[in-house]
Amino acid sequence: MAPHRKSRPPSGMGIRTPALATAALTSVALLSQTANASPSEEPKPSMEEVQKKVDDLYQQAGTATEKYNAAKEKTTKQRKRVDTLLDDVAKRTEKLNDAREELGGFAAAQYRTGAAAPDTASLLLADNPQDYFDQSQLMDRLTSRQKEAVDDYGTQQAATAKKRQEASESLQTLTTTQSTLKTSKADVQRKLAEARDLLSRLTAEERARLAAIEREKQEEALRKADELARRQADEEERRRQAATQSTGTSTATATPGTDTSYDAKAAKALAFARAQIGKPYVWGASGPGSYDCSGLTQAAWKAAGVTLPRTTWDQVNAGTTVSVNDARPGDLVFFFDDISHVGVYVGDGMMVHAPKPGAYVREESIYYMPVHSVVRPA
């Protein structure tokens with residue numbers, strides 16, 4: 001007889017209540033959405049943030065440009081030094097070879113005449129005493145001149161070795177500066193590429209908004225320039241009145257504190273700078289067809305007969321620092337905390353400068369960028 005088997009109720013695992021089914025479907029939907037969704041994207045930056053990013057990149061490119069200019073100037077000087085040293089080594093080597101040949105001549109002469117000076121016995125055995133005296137005097141002369149030749153050769157040899165060492169060290173320095181030059185150049189190009197890439201990804205609407213922000217920035221800079229112009233005019237009037245009271249006349253030949261010789265040079269520098277308006281900014285350029293910021297200021301003051309260093313970091317130390325309120329036409333205005341930009345002051349809060357890649361030499365408010373200092377270079 002078959003064993004009796006009790007029936008078992010269905011397992012709860014096999015039962016789906018409506019509530020459970022709904023929850024399961026919701027979970028599946030959420031998982032599906034999560035799987036299909038793209039990775040969370042960062043919030044798109046505002047146009048103000050884009051503008052700041054672009055400005056920062058251009059400033060960083062400007063800083064890298066000044067590093068490039070410094071390395072290029074150092075490389076040029078070092079290459080000239082290496083060429084001079086190598087030329088000196090070649091000349092000294094030629095002299096050393098001449099001294100060696102002279103010593104070789106003495107050795108050959110001694111070989112022909114005998115290495116040792118004749119003694120008294122030689123005199124007694126000589127057929128002709130005069131022959132002995134002639135030979136003895138020759139040996140004396142050879143010995144004296146040979147000693148001088150040996151001393152000269154030693155001196156030439158030591159001097160040549162020293163110059164060769166200097167040339168070797170200079171070549172090593174040149175290699176280092178050339179490496180720095182290459183690194184700085186790559187840094188400039190990288191920053192400019194980042195700025196171009198950032199701008200290329202903007203829509204037409206975003207570009208229009210960016211242009212509007214730029215106009216607002218320019219207008220604010222001009223407003224500050226007007227304020228400075230009023231302050232400077234008020235200060236000039238105050239000085240004129242003080243001069244009138246002190247001299248008892250209604251006119252004065254010059255404003256107190258001015259230097260007419262400086263004004264003449266500054267006028268030439270400023271005239272040159274203005275003549276370059278419209279020429280393109282090219283980093284590392286110093287004219288005549290294009291300029292970077294310090295290349296323009298250097299060329300402008302060179303036209304006035306004043307030699308300025310190449311970089312902004314050196315130019316800022318090439319004169320007397322004055323306050324912004326006391327700035328006069330021709331003064332150099334430096335910008336940013338790292339002093340990576342410079343322009344020529346025009347007056348009334350304006351300057352001529354080579355702004356940045358893609359732009360041209362132009363006249364602009366000094367408040368377009370944060371002012372660092374003002375320097376009077378002559």
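**View 1. Aspartate 197 and arginine 201 meet in a salt bridge.** The closest N and O atoms of this pair are 3.2 Å apart; a salt bridge here is a side-chain nitrogen of Lys or Arg within 4 Å of a carboxyl oxygen of Asp or Glu. Aspartate 197 is partly exposed at 40% relative accessible area, while arginine 201, at 56%, counts as exposed. For these labels, buried means under 20% relative accessible area, exposed means over 50%, and partly exposed lies in between (1.4 Å probe, protein chains only). Please keep in mind that this is a predicted model, in which local features need pLDDT of at least 70 and side-chain atom pairs count only at pLDDT 80 or more, whereas totals for chains, interfaces and linings use all residues. Residues are numbered from 1 along each chain as its sequence is written, and side-chain values use heavy atoms, with hydrogens and water left out.

**View 2. Two salt bridges sit within helix 4 (residues 129–200).** Helices (H or I, at least four residues) and strands (E, at least two) are DSSP runs, numbered from the N terminus. Arginine 190 reaches aspartate 187 with 2.7 Å between the closest N and O atoms. These two are three residues apart, so about one helical turn separates them; arginine 190 is partly exposed at 44%. Lysine 163 and glutamate 166 form the other bridge, at 3.6 Å from N to O. They too are three residues apart in the helix, and therefore about one helical turn from each other. Is this pair buried or exposed? Both lysine 163 and glutamate 166 are buried. They also belong to a salt-bridge network with Arg81, Asp88 and Arg92. Over the whole structure, the search finds 23 salt bridges.

**View 3. Six strands make an open antiparallel sheet.** Their order is 1-6-2-3-4-5, where two strands pair if DSSP finds at least two bridges between them. Strand 1 (320–322) and strand 5 (362–365) stand at the edges with a single partner each, so one side of each has no neighbour in the sheet. Neighbouring strands are turned by 40° against each other on average, direction ignored. Strand 2 pairs with strand 6 (residues 371–376) over four bridges, and phenylalanine 334 has serine 373 in strand 6 as its bridge partner.

**View 4. Helix 6 and helix 7 lie across strands of the sheet.** Helix 6 crosses strands 3, 4, 5 and 6, running at about 115° to strand 3. Helix 7 crosses strands 2, 3 and 4, at about 50° to strand 3. Axes are lines fitted to C-alpha atoms, for helices over the stretch in contact (heavy atoms within 4.5 Å), and angles run from 0 to 180 degrees between N-to-C directions. In the loop between helix 6 (260–275) and helix 7 (293–303) you will find proline 288, whose peptide bond from glycine 287 is cis, with omega near 0°.

**View 5. Histidine 353 is buried in strand 4.** Its relative accessible area is 1%. A polar contact of 2.6 Å links its side chain to that of glutamate 364; such a contact is a pair of N or O atoms within 3.5 Å, and within protein one must be able to donate a hydrogen and the other to accept it, with residues adjacent in sequence counting only if both atoms are side-chain atoms. Leaving aside neighbours within four places in sequence, the contacts of histidine 353 include Leu296, His341, Tyr360 and Met369.
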